[in-house]
Amino acid sequence: MADTIQEAVTLALDDAPERNFRETVDIAINLRDLDLNDPSNRIDESVVLPAGTGQETQIVVFAEGETAVRAEEVADEVLDSDDLEDLGDDDDRAKDLADETDFFVAEASLMQDIGRYLGTVLGPRGKMPTPLQPDDDVVDTVNRMKNTVQLRSRDRRTFHTRVGAEDMGAEAISDNIDVIIRRLEANLEKGPLNIDGIFVKTTMGPAKEVPV
């Protein structure tokens with residue numbers, strides 16, 4: 001399957017018109033034979049891409065003490081419990097932060113407060129933080145999340161996710177797509193039979209079908 005994925009990616013890259021900016025590469029996934037009104041049938045998966053996302057990933061960490069100090073090395077922003085309370089009082093700032101941030105990580109001890117102060121902002125956006133347990137290494141966790149994308153269908157049969165950038169090359173991008181397809185097939189009730197089609201395209205380029 002990897003060869004046929006790479007052929008589709010190569011076509012998408014070759015047929016994309018020249019642009020004066022670095023285009024991302026995305027896939028559109030079409031599902032079938034699933035009742036997506038039932039939340040248990042919806043796709044909501046974090047997938048680590050072997051070749052990376054090809055883009056900067058914004059990550060904010062909620063932490064205190066030594067964990068916060070270590071998080072400063074790798075996260076875009078580190079916020080403590082006082083910052084969290086301030087965000088709870090400033091709905092516009094909280095919404096801006098949620099929209100600008102790809103992933104949140106939080107010490108498990110702060111999760112209850114995050115639910116109280118930011119649950120109504122982060123929850124509907126599917127951006128509640130990944131809990132950091134006492135034995136977890138915040139640096140490892142953040143670095144892994146920099147190569148992570150979210151597969152989230154909600155109640156839609158068609159949804160999109162980023163799989164790379166145009167200058168990564170067809171082989172690296174196809175490796176990323178292969179991992180996503182395998183994860184999807186493993187989690188769908190009927191595996192590949194629940195996939196109606198997958199298409200790959202650059203930001204402004206034409207879509208090419210990926211054989212599944």
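# Strand β7 and the α4–α5 helix pair

R152 counts as buried, because its relative accessibility is 17% (buried means under 20% relative accessible area, with a 1.4 Å probe and protein chains only). This is a predicted model, in which local features need pLDDT of at least 70, side-chain atom pairs count only at pLDDT 80 or more, and totals for chains, interfaces and linings use all residues. Residues are numbered from 1 along each chain as its sequence is written, and side-chain values use heavy atoms, with hydrogens and water left out.

R152 lies in strand β7, and T148 is found in β7 (residues 148-152) as well; strands are DSSP runs of E with at least two residues, and helices are runs of H or I with at least four, numbered from the N terminus. T148 is buried at 5% relative accessibility.

The table lists polar atom pairs of these residues; a polar contact is a pair of N or O atoms within 3.5 Å, one able to donate a hydrogen and the other to accept it, and residues adjacent in sequence count only if both atoms are side-chain atoms.

| Side chain | Partner | Distance |
|---|---|---|
| R152 | D44 side chain | 3.5 Å |
| R152 | G126 backbone oxygen | 2.7 Å |
| T148 | R144 backbone oxygen | 2.9 Å |

Beyond four places in sequence, R152 touches I43, D44, R125, G126 and F159, where contact means heavy atoms within 4.5 Å. With the same kind of exclusion, T148 is in contact with S46, V47, V48, T53 and F103.

Elsewhere, D91, A94, K95 and A98 of helix α4 meet L118, V121 and L122 of helix α5.

How values were computed
Buried means under 20% relative accessible area, exposed over 50%, partly exposed in between (1.4 Å probe, protein chains only).
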